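Visitor: I should like to go through this structure and ask what stands behind each term applied to it. Please show it before we begin.

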Amino acid sequence: LAIRADGRWRATCVGDSCLFHVRPREVIRAFPYHLPEQFTNSPALLSTNANDGWDAQVARGSWQTGDYFLLMTDALAHFFLSQRDLRAALCADTLDQPEFERLIEAARSDRLMRNDDVTFVKVSLGESGRGVA
């Protein structure tokens, strides 16, 4: 994800990671998947041996003050897309590490999310586009 101060952004899809461009209370863009059914067990991956025929997926857009980006691995992204009523918990400004861990443990124990690796990064854009949370 590259974010420019002039209000533009660009993202390249690699592996099983997903990006969500969010405006408060509205998902503006989901990339590369926007439906839970699109997740498979064979995402486009980079290999240390050969990458012949690999075409990167690229998304571009523009951001506004107050927008933020959520970057997450596939199990969490699938959960985010399929459990609309729980999206607010992941988007909350008050979400800290202990609360995040409780949310993930509960989602796994309720079988709402696969027991897979989970990575989550939230990038918040302030007036200058330099604020990162």
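Guide: The answers that follow set each value against its definition.

Guide: This is a predicted model, in which local features need pLDDT of at least 70 and side-chain atom pairs count only at pLDDT 80 or more, while totals for chains, interfaces and linings use all residues. Residues are numbered from 1 along each chain as its sequence is written, and side-chain values use heavy atoms, with hydrogens and water left out.

Visitor: How many helices and strands does the protein chain have, and what makes a stretch count as one?

Guide: The protein chain has three helices and seven strands. Helices (H or I, at least four residues) and strands (E, at least two) are DSSP runs, numbered from the N terminus. Their succession from the N terminus is β-β-β-β-β-β-α-α-α-β.

Visitor: What makes strand 6 and strand 7 a pair?

Guide: Two strands pair if DSSP finds at least two bridges between them. Strand 6 (residues 68-73) and strand 7 are joined by five bridges and run antiparallel, so the criterion is met. Within strand 7, Lys122 stands opposite Leu70.

Visitor: Why are strand 4 and strand 7 said to stand at the edges?

Guide: They belong to an open antiparallel sheet of four strands, ordered 4-3-6-7. Strand 4 (26-31) and strand 7 (120-124) each have a single partner strand, so one side of each lacks a neighbour in the sheet. On average, neighbouring strands of this sheet are turned by 20° against each other, direction ignored; axes are lines fitted to C-alpha atoms, for helices over the stretch in contact, and angles run from 0 to 180 degrees between N-to-C directions.

Visitor: How do you know that strand 2 pairs with strand 5?

Guide: Six bridges join strand 2 (residues 8-13) to strand 5, and the two run antiparallel. Arg10 has Arg60 of strand 5 as its bridge partner. Both strands lie in an open sheet of three strands with the order 1-2-5 and antiparallel pairing.

Visitor: What makes helix 1 mostly covered?

Guide: Seven of the nine residues of helix 1 are buried, that is, under 20% relative accessible area (exposed is over 50%, partly exposed in between; 1.4 Å probe, protein chains only). Among them are Leu76, Phe79 and Phe80. The cover includes strand 3, strand 4, strand 6, helix 2 (87-91), helix 3 (97-109) and strand 7, where contact means heavy atoms within 4.5 Å.

Visitor: Why is Arg111 called exposed, and what is said of its phi?

Guide: The relative accessibility of Arg111 is 76%, so Arg111 counts as exposed. Arg111 has a positive phi of about 60° although it is not a glycine, and its place is in the loop between helix 3 and strand 7.

Visitor: What makes the bond from Phe31 to Pro32 cis?

Guide: Its omega is near 0°. Pro32 lies in the loop between strand 4 and strand 5 (57-62).

Visitor: Why does Cys18 form no disulfide, and is it buried or exposed?

Guide: A disulfide is a pair of cysteine sulfur atoms within 2.5 Å. The closest cysteine sulfur to that of Cys18 belongs to Cys13 and is 6.8 Å away, too far for a bond. The structure holds zero disulfides. With a relative accessible area of 3%, Cys18 is buried; Cys91, at 14% relative accessibility, also counts as buried.
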